[in-house]
Amino acid sequence: MNKISLNIGAKVYFENREYEISKQISTKEVLAKEIEFPYEFKVLKIHTLKSMPEKIQEVDISLYDKEEWEEANKKYKIIKPLLTGKRNTKKDVEEVAKEHNTSVPTIYRWIQDYNSTGTLSSLVPNLKKRGGPKKNRLPKEDETIIKAVIDEYYLNSQKYSIPYIYRIIQEKFHNANLKPPHLNTIRKRIDNLSSKEVTRQRDSSKVTDTWGTPGKNPRGNFPLELVQIDHTPLDLDLVDEENRESIGRAYLTLGIDVFSRMIMGFYISYEPVSFFNTGQCILNMIMPKEDFLKQQGVDGEWPIYGLPREISTDNAGEFRGIDLTRFCEQYSIEIDWRPVGRSFYGANVERVFKTLSSEVHNLSGTMFSNIVQRGNYNSQKNAAMTIGEFEQWFTELIVNVYHKKVHSELEMTPEEKYMEGIFGLGDYPGTGLPPIIENTKFLRYSLLPSFERTVQKTGITLDHVTYFSETLRKWIVPQAATKKGRSKLFICKRDPRDISKIYFYDPDIKEYFELPYRNITNPKINLSELRETIAKIKADKGDTHSLDEMTLFQTYKRMRDIEENSKVKTKKARRKKSSKNHLTKKLEQEKKLVKEEIEENQEELSKTIVKNIEIGTPELFSFDLIEEDEV
């Protein structure tokens, strides 16, 4: 999941040749010169660029334990001031190394490791090489005292000065018979504090007056600096595809770029909001939109994509889970959880919901915003759109209406504001194109819910369902092995839209492998159907401790037969079927895109091999690499 920088001067690879980006000419293309022949310029499509000349193994971020991930985070915080280009001279590096009791070569190595991928996981320590855990920069007792004083005195509306805080720290260290740290150490600790947390604690009046208020947000000063994400139920009654009868409302998850008010991505589903909904919205935000627009049959441009610097959400559980937190840490994305009961922190996304809802209220089957507005209007009787049809209409609304309508706060359209922020205007230089993600298949896996499971001789069992593949053979531990050996946990990912397979991460090969049902005759079902079946068995038997896989799928089949054979299908049954059809369709579209990406990469590699052989440079490719791809 390496990030590919699109900044001027950045090195990229196309057809295994190295280029240097000279100009950013659109949101889809860059002008680059070939390194080997510097006078040869070429217009390169952004989606064809690579970060490395050969295949790089990906490492799933869920694989690292808490201690490893925390250590990587500590390294990143140390080198963060040196990554901007404004402060990275030898003297700066030496100061940072001295401040954190680390050698200069170590700091340079961390910077090199991070810049090689642009992701946090590149800083995870290699346990085999380092020979044990690294000592803290300061003793634990020292760190505890410093943190307590900073929390009490610096993060305080009284706004105590740093010299005053340092005197308190000196006093406390003296009382504890400890050598006090240098003043610069305290300054660095304070400099590394989150700016939003400092503002919140030291000047709450500023937060109340400006935070999250359209046009006055202290962040959102350039594209993708701040993206607000939230969920809402749609004010629209939808129909099923088969009978065109009412099945109720769906849920919308949406992300908006605060700087430009561009809608960066969305996800619509009948399923209740969860991490999966949030992950699919983020996936839509990050990815270029050409394929998505083609799937929806919408003509137009949706130029916004890339990794945001910060995501602002409310405190719902789906935003607090470890999967989302670790994903954001991997790509240096900060998460801002809005304070409870202070809705103005998310005013931008709330305003978009209101604006888009006013358009939804013009559709047949609208439920309006409240009972007074609805009056005697029968939403169920007038419902006309399926979820797929609404998704197409909603995409059209975003791309060709909302993005092209003058925004009252911006005094220009969101699309114009975004393009101005990217490419600049007059004396304003613009930020340039954001980096893109190279391995989108791995990106999709990263945004699926993860689980840790052991490998047994029968395979891997998750929610009473067992999965098996020959891939697991080498990980099956004999019964005579030690308890520690038998209890090794492995990372698995599951797509809620289809639980007939899970994705097993092989830590040796550093690749995901599909594990199908052990019993391949079992029917494909989604997570909602699985949970409903388990709940039915629990209601009938009182518990699920003795539940076996055969009973599970037999119960599922009986429940589906009852629904299918009923003369008049209930609204709930129609909704379930429609939801399953929609989820299946979206999953098939994603599979097609991943397959096309893999085939495209293989085709590019084959062309490059042939080209280099023709010009007499076959040494660029090792036989190991060719054999690996052929397999």
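This section describes a five-stranded sheet, a buried serine and several salt bridges in a predicted model.

The sheet is open and mixed in its pairing, with its five strands arranged in the order β10-β9-β6-β11-β12. Its edges are formed by β10 (263-269) and β12 (334-337); each of these has a single partner strand, so one side of each is left without a neighbour in the sheet. On average, and with direction ignored, neighbouring strands of the sheet are turned by 20° against each other. At the β10 edge, β9 (residues 251-257) and β10 run antiparallel and are joined by six bridges. Within this pairing, L254 has F266 in β10 as its bridge partner. Helix α16 (residues 387-400) packs on the sheet, where it touches β9 and β10. The direction of α16 makes about 170° with that of β10.

Residue S579 is part of helix α22, which spans residues 571-614. The relative accessibility of S579 is 3%, and the residue therefore counts as buried, the limit being under 20%. When residues up to four places away in sequence are not counted, S579 touches Y270 and E271.

The structure contains 29 salt bridges. One of them pairs E301 with K28, with the closest N and O atoms 3.3 Å apart. E301 is located in the loop between α11 (290-296) and β11 (310-313), whereas K28 is located in the loop between β3 (17-24) and β4 (29-34), so the pair ties together parts that are 273 residues apart in sequence. Both residues are partly exposed: the relative accessible area is 40% for E301 and 31% for K28.

A salt bridge also links R560 to E532, where the closest N and O atoms are 3.6 Å apart. This pair links distant parts of the chain, as R560 belongs to helix α21 (residues 549-565) and E532 to helix α20 (residues 527-541), 28 residues apart. R560 is buried, with a relative accessible area of 14%, while E532 is partly exposed at 22%. Salt bridges with shared partners also join R444, D495, R497 and E590 into one network.

A further salt bridge is formed by E470 and R473, with a distance of 2.9 Å between the closest N and O atoms. E470 has a relative accessibility of 52% and counts as exposed, the limit for this class being over 50%. R473, at 47%, counts as partly exposed.

Note on methods:
Residues are numbered from 1 along each chain as its sequence is written. This is a predicted model: local features need pLDDT of at least 70, side-chain atom pairs count only at pLDDT 80 or more; totals for chains, interfaces and linings use all residues. Side-chain values use heavy atoms; hydrogens and water are left out. Two strands pair if DSSP finds at least two bridges between them. Helices (H or I, at least four residues) and strands (E, at least two) are DSSP runs, numbered from the N terminus. Axes are lines fitted to C-alpha atoms, for helices over the stretch in contact, and angles run from 0 to 180 degrees between N-to-C directions. Contact means heavy atoms within 4.5 Å. Buried means under 20% relative accessible area, exposed over 50%, partly exposed in between (1.4 Å probe, protein chains only). A salt bridge is a side-chain nitrogen of Lys or Arg within 4 Å of a carboxyl oxygen of Asp or Glu.
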